[in-house]
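Trainee: Please take me closely through one open site of this model and the elements around it. I should like a connected account that keeps to single residues wherever that is possible.

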Amino acid sequence: MTYTVAVRELCEFTAKQGDLDLRFTPAPTALEGIAGHAIAASRRGKGYRAEVALSGSYQSLQVRGRADGYDPEAQRIDEVKTFKGRLDRQPASHRHLHWAQAKVYGWLLCQQEQLAHIDVALVYFDIGTQQETVLTERCSADDLRQHFEAQCQRFIAWAEQQVAHRTARDAALGALAFPFGGFRTGQRPLAEAVYKAASAGRCLLAQAPTGIGKTMGTLFPLLKAAPAQRIDKVFFLAAKTSGRQTALDALTRLADSAPALPLRVLELVARDKACEYPGNACHGESCPLARGFYDRLPAARAAAVEHGKAGGTALHQTHVRDVALQHQVCPYYLSQELARWADVVVGDYNYYFDLGGLLHGLAQANGWRTALLVDEAHNLVDRARKMYTAELRPAALAEARRSPTAARHAPVKKALDKVRRSWVALDKAQTSAYAVLSDFPDKLLAALQQCGSALTEHFAEHPTEPDAAMQAFYFDALHMVRMAELLGAHSMVDITQPTKLTTGYNGKAAAPGDSLVCIRNVVPAPFLQPRFAAAHTSTLFSATLQPARYYADLLGLPADHLWVDVESPFDAAQLQVQVARHISTRYPHRNASLAPIVALMAQQFHARPGNYLAFFSSYDYLQQVAALFAQQHPDVPHWSQSRRMLEDEQRDFLARFTDSSAGIAFAVLGGAFAEGIDLPGNRLIGAFLATLGLPQINPVNEQIRERMQALFGAGYDYTYLYPGLQKVVQAAGRVIRTPSDEGVVHLMDDRFGRDEVRRLLPGWWEKRKAGSG
């Protein structure tokens with residue numbers, strides 16, 4: 001069997017050496033890199049060939065890639081590298097890798113064109129000045145062939161192991177049996193839909209109720225489909241840690257049920273959770289785990305893969321750390337290297353959907369055939385909006401200007417001061433506390449671009465001067481410039497100024513330059529669409545994806561995507577759903593709603609003592625009801641969610657729900673306890689929803705409503721109704737978790753009786769929804 005490898009993948013495996021060193025310069029953005037390559041190609045002669053597809057073989061290894069350019073007249077092949085900062089500060093290890101890649105392309109071209117020799121050139125293109133530095137070496141075809149074969153020889157043992165692993169993996173997946181005695185109700189239709197979508201290379205949007213085993217119901221069929229569909233990687237993407245853990249548990253169950261299953265499972269975690277030396281910079285002179293990283297990587301990589309062999313332990317965060325520390329390499333960057341060799345990668349949404357998403361970048365660079373599973377996909381709308389939103393906060397600029405770096409380095413201070421002046425001028429031109437602009441202000445954008453260049457140069461020249469405040473503003477500015485370049489109807493530019501009657505962000509009287517400047521993404525579809533298109537198949541699943549068109553529109557799903565609404569395994573008799581039509585939770589009616597809400601909650605508790613969750617639209621509303629409840633019913637145990645609860649406090653909050661306890665917990669809708677928690681049986685027997693969850697009506701949301709109306713003709717629904725009801729259904733879903741659970745949900749607002757609202761609630765509630773409390 002032939003193993004196919006990209007030139008880049010080959011050389012990164014064989015030619016990286018020395019320290020892990022991230023000091024040289026932040027990499028140019030993808031758009032900057034594309035533009036730089038295009039400019040370099042446009043400067044060449046008429047016969048110049050850009051993006052030359054090349055391939056060659058060595059024994060069982062097939063090597064392929066695209067050379068950046070070839071000049072037949074000069075008989076020169078170019079490897080173009082874009083950069084920022086000073087080239088003379090480039091580590092030798094980077095240059096070594098670039099030459100290795102260039103010479104592999106040189107041999108492939110010599111072989112294709114039957115050349116006896118060729119000039120191999122490294123073309124370093126400065127993004128800032130657009131100047132080129134060209135390093136050229138004349139090479140004979142024989143020397144290039146020897147270089148090529150040397151790289152292949154270093155890789156081929158690993159490639160043969162990979163071929164054997166892939167063969168064994170696919171054979172085992174073909175014979176894999178479902179790890180339980182049978183499918184749960186609803187689980188089989190979900191699994192069939194996932195398998196069919198994978199077989200057809202389609203995108204699937206799957207609404208499936210809680211309790212049917214969605215994670216196993218999606219992972220199992222996708223893994224079964226992998227051999228026939230030649231799927232290289234499965235990416236399981238979750239919004240929260242709990243979702244990742246559920247996936248890892250399901251994959252462990254599969255491994256336990258099939259001890260000979262050679263499936264490499266990798267968990268990716270955030271850098272701050274994996275870093276062993278958080279106060280140290282990522283280079284060999286600062287961090288001992290960066291020193292000699294690439295020299296020790298081969299042994300660490302081999303040990304990690306051996307650790308995760310057939311029926312063995314998945315490479316969870318703790319196991320990657322153990323292997324990394326045994327070999328004295330960085331756990332975080334070891335896990336990134338292992339992503340190249342894993343079969344299933346479990347990580348956060350941002351690893352694939354973010355602008356610089358690691359998994360998407362690796363898949364594109366290496367030509368992987370990938371499959372996506374997007375857990376709790378209703379969360380992707382808000383998460384993707386945040387990924388493609390950029391903010392400039394006055395406090396961040398102020399801290400950067402006060403930093404030691406600004407005090408010591410005049411060019412840095414000058415660049416920051418120019419941003420400040422442009423910001424002040426922008427604020428002075430505004431006549432209202434909130435404004436939406438047709439485009440990003442030219443002068444502020446130019447100041448941010450110049451500031452970015454100045455800071456890039458500074459960081460390159462002073463790599464050992466840590467300055468957290470300066471770096472924070474630098475990354476904010478870079479992201480703002482990137483999003484300004486990508487500005488379109490999907491986003492809006494807005495400015496929020498503290499009013500003259502309030503204080504500014506710094507606690508002082510509001511002044512020009514105290515505004516929040518934002519490129520606010522409203523519709524992430526244009527950014528996500530190419531990510532879904534790049535995957536062979538994708539399944540987005542959740543218990544709340546109603547209406548489907550809302551998610552398809554905002555997430556940019558392919559026009560031919562599939563939809564399945566899996567029937568609930570639960571019966572209406574398990575859940576009493578009562579609508580309190582005599583209560584209104586509208587803001588003007590809040591004070592009047594307190595007494596009837598407290599009365600209804602007390603009546604329910606005394607009729608059936610047990611554990612309940614009560615959800616409210618805000619902390620203020622929660623506290624008002626909780627205070628009145630405590631006053632009128634001091635005999636009923638109750639506890640409340642507080643603002644900015646720490647993880648230990650959240651665990652204590654949930655620990656009060658036991659099989660033998662009774663009481664009412666007060667929480668905020670959309671918060672930590674409204675989804676993703678599991679309290680089966682008597683740990684939770686009911687929920688009170690004193691809100692429709694509608695986002696607050698304010699100038700920002702009203703602008704979003706206008707944009708949604710213009711794009712989709714459903715401004716109110718897309719901005720307020722659908723997001724609100726999704727939160728309600730998620731929160732109510734905490735009550736029934738297993739087929740044996742029974743409980744009650746009180747929907748405390750007259751609007752829950754409206755037809756347009758009822759249609760967005762789960763169909764299996766229907767028999768009881770009409771009742772009133």
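**The second largest pocket and its surroundings**

Mentor: Helix α7 gives the most to the lining of the second largest pocket, contributing 6 residues. What follows describes a predicted model. The volume of the second largest pocket is about 850 Å³. Its lining comprises 35 residues, and those closest to the centre are Lys214, Thr215, Thr246, Asp678 and Arg737. Two elements give two or more residues to this lining: α6, which spans 214-229, and α7, which spans 241-257. In chemical class, the lining divides into 11 nonpolar, 13 polar and 11 charged residues.

Helix α6 deserves a further step, and Gly217 is a convenient place to take it. Gly217 belongs to α6. Its relative accessible area is 0%, which is why Gly217 counts as buried. Setting aside residues up to four places away in sequence, Gly217 touches Gln187, Leu190, Ala191 and Val194. As a reference for distance, the C-alpha atom of Gly217 is separated by 22 Å from that of Leu268, which is 51 residues away along the chain.

Helix α6 also takes part in an enclosed space. Searching the whole structure gives 1 cavity of 30 Å³ or more. The largest cavity has a volume of about 40 Å³. At least two residues of its lining come from each of α4 (141-175), α6 and β8 (233-238). Among the lining residues are Arg169, Leu173, Leu223, Ala226, Lys233 and Val234. Others in the lining include Leu263, Asp343 and Val344. The lining of the largest cavity has 7 nonpolar and 4 charged residues, with no polar residue. Thus α6 supplies residues both to the second largest pocket and to the largest cavity.

From the helices we turn to a set of paired strands, beginning with β23. Strand β23 covers residues 743-747, and 5 of its 5 residues are buried, so it is largely enclosed by the rest of the structure. In general terms, the side chains of a regular strand alternate between the two faces of the sheet. In β23, Gly743, Val745 and Leu747 point one way, whereas Val744 and His746 point the other way, and all are buried.

The pairing of β23 can be followed strand by strand. Strand β18 (residues 575-579) runs parallel to β23 and is joined to it by 5 bridges; within this pairing, Leu575 has Gly743 as its bridge partner. Strand β22 (residues 686-689) also pairs with β23 in the parallel sense, over 4 bridges. Here Gly686 is the bridge partner of Val744, and Phe688 stands opposite His746.

Strand β22 in turn leads to β19. Strands β19 (residues 611-616) and β22 run parallel and are joined by 4 bridges, with Tyr612 the bridge partner of Gly686. Gly686 therefore has a bridge partner in β23 as well as one in β19, where a pair of strands is recognised from at least two bridges between them. The side chains of β22 also divide in direction: Gly686 and Phe688 point one way, Ala687 and Leu689 point the other way, and all are buried.

Two buried polar residues complete the account. Gln730 lies in helix α26 (residues 715-732). Because its relative accessibility of 3% is under the 20% limit, Gln730 counts as buried. The side chain of Gln730 makes a polar contact of 2.9 Å with the side chain of Thr544. Leaving out residues up to four places away in sequence, Gln730 touches Glu376, His378, Ser542, Ala543, Thr544, Ala674 and Glu675.

Ser515 provides the other case, located in the loop between β14 (491-496) and β15 (516-521). With a relative accessible area of 0%, Ser515 is buried. Its side chain makes a polar contact with the side chain of Asp427 at 2.6 Å, and a polar contact of 2.9 Å joins the side chain of Ser515 to that of Trp423.

Terms used:
Residues are numbered from 1 along each chain as its sequence is written. This is a predicted model: local features need pLDDT of at least 70, side-chain atom pairs count only at pLDDT 80 or more; totals for chains, interfaces and linings use all residues. Side-chain values use heavy atoms; hydrogens and water are left out. On a 1 Å grid over the protein atoms alone, a cavity is a set of points where a 1.4 Å probe fits but cannot get out, and a pocket is an open set with protein on both sides within 12 Å along at least five of seven lines; lining residues have an atom within 4 Å of a point. Grid points are joined across faces, edges and corners, and a volume is the space filled by probe spheres set on the points. Ala, Val, Leu, Ile, Met, Phe, Trp, Tyr, Cys and Pro count as nonpolar, Asp, Glu, Lys and Arg as charged, and the others, Gly among them, as polar. Buried means under 20% relative accessible area, exposed over 50%, partly exposed in between (1.4 Å probe, protein chains only). A polar contact is a pair of N or O atoms within 3.5 Å; within protein, one must be able to donate a hydrogen and the other to accept it, and residues adjacent in sequence count only if both atoms are side-chain atoms. Contact means heavy atoms within 4.5 Å.
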